[in-house]
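Reader: Thanks for sitting down with me over this one. Could you take me through the reasoning behind each label as we go?
Author: Happy to; let's have the model on screen.

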Amino acid sequence: MHTVLTRGNATVAYTLSVLAGLTFCCFISTVFLDYRVTSYINTAKILVKNVPDYGASREKHDLGFITFDLEANLTTLFNWNVKQLFLFLTAEYKTPDNELNQVVLWDKIVRRGDIAALNFKNLNTKYYFWDDGNGLRNNHNITLFLSWNIIPNAGLLPTMKSLNSHMFKFPAEYASALI
């Protein structure tokens, strides 16, 4: 009575409806979980230099150098709906020109099946710690946060911060250019 195309269309539409329902169930089963854990961050070496920024105005800006230790056990964040985590270390600070400055210093991708218990010692930053002025020297309110994006199979893409942070200060004097 119905043609092959009509029956095929009904079968495909029903299959897609069932898959959409299953995908929604996958999303709703993990959306209300708490994805926060504690991390330990410690700065080992801290320097600040006043160097020319050759990309923009050729004025001298502050460039910070830090090495840090990082410990975090992220195994509890993985469940059957989490494909991977995108980790990033952010420095937040206040200057007279800007109420909030945020700089990403380091990042890492942890996939399902990788070792999710991090224990790094004397790690250098991956990205430059530039300030758009001279706001790093003698700054006492630099705060480091470990954050992560959860990449799910289905659902939202939340960004979470660790439950604790680390505060440090830059020295009052610039380091020499030879360091």
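Reader: Which strands each supply at least two residues of the lining of the largest pocket?
Author: This is a predicted model, and in it β1 (39–52) and β2 (60–73) each supply at least two lining residues. The largest share, 5 residues, comes from β2. The lining has 15 residues in total, and G64, F65, I66, N124 and T125 lie nearest the centre of the pocket. The pocket volume is about 200 Å³.

Reader: What makes up the lining of the largest pocket by class?
Author: By class there are 8 nonpolar, 4 polar and 3 charged residues.

Reader: Why is L16 called exposed?
Author: The relative accessible area of L16 is 53%. Exposed means over 50%, so L16 earns the label with its 53%. L16 sits in helix α1 (residues 4–30).

Reader: Which residues make the nonpolar surface patch?
Author: V12, Y14, L16, V18, L19 and L22 make that patch, which covers about 610 Å². A patch residue needs over 30% relative accessible area, and L16 has 53%, so L16 meets that condition.

Reader: How do you know that D34 and R36 form a salt bridge?
Author: Their closest N and O atoms are 3.0 Å apart. The cut-off is within 4 Å, so the pair counts as a salt bridge. D34 is exposed at 53% relative accessibility, while R36 is partly exposed at 44%. By this rule the count comes to 5 salt bridges.

Reader: What makes K121 and E71 a salt bridge?
Author: Here the closest N and O atoms are 3.1 Å apart, and the limit of 4 Å is respected, so the label holds. K121 lies in strand β5 and E71 in strand β2, so this pair ties together parts that are 50 residues apart in sequence.

Reader: Why is K121 called partly exposed?
Author: Partly exposed is the range between buried, under 20%, and exposed, over 50%. K121 has 49% relative accessibility, so K121 falls in that range. E71, with 30%, is partly exposed too.

Reader: How do you know that D107 and K126 form a salt bridge?
Author: The closest N and O atoms of D107 and K126 are 2.7 Å apart, which is within 4 Å, so they qualify. D107 lies in strand β4 (residues 101–111) and K126 in the loop between β5 and β6, so the pair ties together parts that are 19 residues apart in sequence.

Reader: Is D107 buried or exposed, and why?
Author: D107 is buried, because its relative accessible area is 14% and buried means under 20%.

Reader: What is the phi of N122?
Author: Phi of N122 is near 50°, a positive value in a residue other than glycine. N122 is part of strand β5 (residues 117–124). At 54% relative accessibility N122 is over the 50% cut-off, so N122 counts as exposed.

Reader: And where does N138 lie?
Author: N138 is in the loop between β6 (129–130) and β7 (142–152). Phi of N138 is near 60°, a positive value in a residue other than glycine. With 39% relative accessibility, N138 is between the 20% and 50% cut-offs, so N138 counts as partly exposed.

How values were computed. Residues are numbered from 1 along each chain as its sequence is written. This is a predicted model: local features need pLDDT of at least 70, side-chain atom pairs count only at pLDDT 80 or more; totals for chains, interfaces and linings use all residues. Side-chain values use heavy atoms; hydrogens and water are left out. On a 1 Å grid over the protein atoms alone, a cavity is a set of points where a 1.4 Å probe fits but cannot get out, and a pocket is an open set with protein on both sides within 12 Å along at least five of seven lines; lining residues have an atom within 4 Å of a point. Grid points are joined across faces, edges and corners, and a volume is the space filled by probe spheres set on the points. Helices (H or I, at least four residues) and strands (E, at least two) are DSSP runs, numbered from the N terminus. Ala, Val, Leu, Ile, Met, Phe, Trp, Tyr, Cys and Pro count as nonpolar, Asp, Glu, Lys and Arg as charged, and the others, Gly among them, as polar. Patches are made of residues with over 30% relative accessible area and no salt bridge: like charges are joined within 9 Å, nonpolar side chains (Val, Leu, Ile, Met, Phe, Trp, Tyr) within 5 Å. Accessible areas come from the Shrake-Rupley method with a 1.4 Å probe; for residues, only the protein chains shown count as cover. A salt bridge is a side-chain nitrogen of Lys or Arg within 4 Å of a carboxyl oxygen of Asp or Glu. Buried means under 20% relative accessible area, exposed over 50%, partly exposed in between (1.4 Å probe, protein chains only).
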